[in-house]
Amino acid sequence: MSEVAVQNPVEKKPLIGKKERKLITDPLSDNNPVTIQVLGICSALAVTTQMKPTMVMALSVTAVVALSNFVISLMRNAIPPRIRIIVQLTVVSVLVILVDQALKAYMYDISKQLSVFVGLIITNCIVMGRLEAYAMGNKPVPSLLDGLGNGFGYGFVILTVAFFRELLGSGKIFGFQVIPDAMYEAGYVNNGLMMIPAGALFVVACFIWVQRSLAKHLEEKE
Amino acid sequence: MEFLKKKILELRPDFEKGGKYSQFHTLFDGFATFLFTPDRVSSGGTHIKAGIDLKRTMFFVILAMIPALLFGIFNVGHQHFLALGEFAGSPMNGFWDKVMYGAIKVLPIVVVSYSVGLGIEFFVASKKGHAINEGFLVSGMLIPLVLPPDIPLWMVALSTAFAVIFAKEVFGGTGMNVLNVALTARVFLFFAYPTFMSGDLVWISEKPDVYSGATALANAAATGTPFKISADQNWNYNLQDMVVGLIPGSIGETSKIAILLGAAFLVITGIGSGVIMLSVVLGALLMGLIFNGIGLTPFMNMPFHLHLAMGGLLFGAVFMATDPVTAAHTGTGKWIYGLLVGMMAVMIRVFNPAYPEGIMLAILFGNVMAPLIDYYVVQANIARRNKRLAARTSIA
């Protein structure tokens, strides 16, 4: 009986520990909101013809998801369960309107290009999904990180989609022509399919294909 | 032939498991069974013994397409020289020049389509380790026939690769595809490179600018008659030309006679479904009649039977709607599917100015609907028989 229960030294909790880091990295890969949970596809099709507006869209969604997660998590114990959706919607709408106004004030051109899709962030399933699935049951800081992570996960996918759509559809990246004129003279033609929403579906499909063949554990077991 | 057979039998051990070329087994097997009926037979279970396997079925369809292909080769040359103003008079003038020109235009498209498509098939087959699927033999011939003669070859290659990968391989290869592979290739080109696939400029090979005109479908959409509508149009064709096929168009679609020859061959050999061909045509005529009755636009008032002479409707009905994988399988389902495709094709033509020809989209729509149609036909049959059973047991 010489064994003595070794007392665990009190662990100092780092600000961003393993668990917190996972909140950010998980939505980037194994739990990506677009390619794995298949949420927010609508805006992934609508705004991804060019990189620049897509970038703005990605940042807007990230801001809305992170902040709404944070705010809802702060008040999660005060929200009556029966009307929680209404409360969540109100918070999300306020944030979306703020983002929309900010875009109108500082990036008018892009805001015009994104048109109704900024307002439609309210209906983006990722936002409501994270509020319901995470913020309602977790503390504010992890919720904020979870929101950031999911925003980045979404942004990563739509930026990739936009990269291929802009490259193949108009031969540019961020508005700069990257396919040399010599190619066009040799008979190369931009692919019009990439300019219509159907093109985005193919790119998203390829993204999912590549992701699943790299990470075999994501395949459903039969 | 005996020599070939001996050679194959001699070489076979090298390609079997453990042989020195065993990684090329699928390739060898594919070619060997292409030439000769395999001598190995399945054992156990119940089998129907027949010499006609997938390869030979496919080959029959290719035979059926030969008239359309040959006529297409001639017509590409004919349209070209007609536009240049050479060999005026009878279409037979300068026959061999026209055939030579057409062959130089068309055969590279066929070669590219086959080599890209079969290349992908071989690659997938040896990667997955299954036998080579012959499904591409028909698609590879259909793709050139539905393209305009001047299409750049890299576009043919790209669209073929796209269609084989996205319409077929991702669904599990031959026999598993939801959409017709050749039409997927065409629809890809249509949306990706519309300036090469539609309009009045692409249907005549190396057309001089002064030789202007509009396709039958464009004329019909504008004024309700497929024929020449104004004096400054150089293209001038009548119903006879449209039936014989001496009009600009996709390579294989112009000659209705060549297509009907193919149709007869398919129906007689039992390879293609006559019901589907008939119901697509009937559907198109029916929709044309309905539009004649409504008569709001000139196109609606066009005599309904002219729909059959224009564009690729007949080609689609005979060679693409009948694709046994993507069409409906049940007897009643085939009728519903065919009528749906035919009506849809004419409806798209008449209503949507962005798509002058509707048969391509109509068949793809029918392909998507086919499983649903079959499901309801089968369910209706089950319900009917259950009812009969219930009636009989209640009597007893």
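I took two residues to be in contact if their C-beta atoms, placed from the backbone, lie within 7 Å. The model I examined is predicted.

**Entry 1. The contact between the chains**

I looked up where chains A and B meet. The contact takes six residues from chain B and six residues from chain A. On the side of chain B that touches chain A, I found that helix 7 (residues 181-192) of chain B gives the most, with three residues. I then sorted the residues of that side of chain B by character, and they divide into six nonpolar, no polar and no charged.

**Entry 2. Chain A as a whole**

I checked the confidence before reading details. The pLDDT of chain A averages 83, and 90% of the residues score at least 70. Residues 1-6 of chain A have a pLDDT below 50, and beyond near neighbours in sequence this stretch has zero contacts in the model.

I counted 10 helices and two strands in chain A. Read from the N terminus, the order of its elements is α-α-α-α-α-α-α-α-β-β-α-α. The C-alpha trace of chain A spans about 85 × 45 × 35 Å along its principal axes. Of the 222 residues in chain A, 36% are buried. I also looked at contacts in chain A with a separation of 6 or more, and 77% of them join residues 24 or more positions apart.

**Entry 3. Two helices of chain A**

I compared expected and modelled spans. Helix 8 of chain A (residues 140-170) has 31 residues, which at 1.5 Å a residue should span 45 Å; its end C-alpha atoms are 43 Å apart, which agrees. The residue that follows helix 8 of chain A is A:Gly171, and its phi is positive, near 70 degrees.

Helix 3 of chain A (residues 51-74) has 24 residues and should span 34 Å at 1.5 Å a residue; its end C-alpha atoms are 34 Å apart, which agrees. I noted that helix 3 of chain A is mostly covered, since 18 of its 24 residues are buried.

**Entry 4. A:Ile110**

I located A:Ile110 in helix 5 (residues 108-114) of chain A. Is A:Ile110 buried or partly exposed? I counted 18 other C-beta atoms within 10 Å of A:Ile110. A residue needs 20 or more to be buried and 12 or fewer to be exposed, so A:Ile110 is partly exposed.

Leaving aside neighbours within four places in sequence, I found A:Ile110 in contact with A:Lys52, A:Pro53, A:Val56 and A:Leu103. I also paired A:Ile110 with A:Thr54: they are 56 residues apart in sequence, and their C-alpha atoms are 9.5 Å apart.

**Entry 5. The domains of chain B**

I took the domain assignment of chain B, which gives domain 1 (21-36 + 53-268) and domain 2 (272-396). The centres of domain 1 and domain 2 of chain B, taken over C-alpha atoms, are separated by 23 Å. Across the boundary, 34 residues of domain 1 of chain B are in contact with 29 residues of domain 2 of chain B. On the domain 1 side that touches domain 2, at least two residues each come from helix 7, helix 9 (216-223), helix 10 (239-244) and helix 11 (256-269) of chain B. That side of domain 1 of chain B divides into 21 nonpolar, 10 polar and three charged residues.

**Entry 6. B:Ala258**

I found B:Ala258 in helix 11 of chain B. B:Ala258 counts as buried because it has 26 C-beta neighbours inside 10 Å. Leaving aside neighbours within four places in sequence, B:Ala258 is in contact with B:Pro67, B:Ala68, B:Phe71 and B:Gly245. I noted that B:Phe315 is 57 residues from B:Ala258 along the chain, with 9.6 Å between their C-alpha atoms.

**Entry 7. Nonpolar cores**

I looked up the largest nonpolar core, which has 99 residues. The residues with the most contacts inside this core are B:Leu142, B:Tyr337, B:Val341 and B:Ile363. Helix 3 (residues 54-84) of chain B gives the most to this core, with 13 residues. Domain 1 and domain 2 of chain B each supply at least three residues to this core.

I then listed the residues that B:Ile363 touches, not counting those up to four places away in sequence: B:Asn180, B:Leu183, B:Gly316, B:Met320, B:Ala321 and B:Val341. A second, separate core has 43 residues, and A:Ala66, A:Leu114, A:Val127 and A:Tyr154 are among them.

Conventions: Residues are numbered from 1 along each chain as its sequence is written. Chains are lettered from A and ligands numbered from 1 in the order in which they are written. This is a predicted model: local features need pLDDT of at least 70, side-chain atom pairs count only at pLDDT 80 or more; totals for chains, interfaces and linings use all residues. Helices (H or I, at least four residues) and strands (E, at least two) are DSSP runs, numbered from the N terminus. The expected span of a helix is 1.5 Å times one less than its number of residues. pLDDT is the predictor's confidence in each residue, from 0 to 100. Ala, Val, Leu, Ile, Met, Phe, Trp, Tyr, Cys and Pro count as nonpolar, Asp, Glu, Lys and Arg as charged, and the others, Gly among them, as polar. Domain bounds come from an automatic or database domain assignment. A nonpolar core is a set of buried Ala, Val, Leu, Ile, Met, Phe, Trp, Tyr and Cys residues joined through C-beta atoms within 7 Å.
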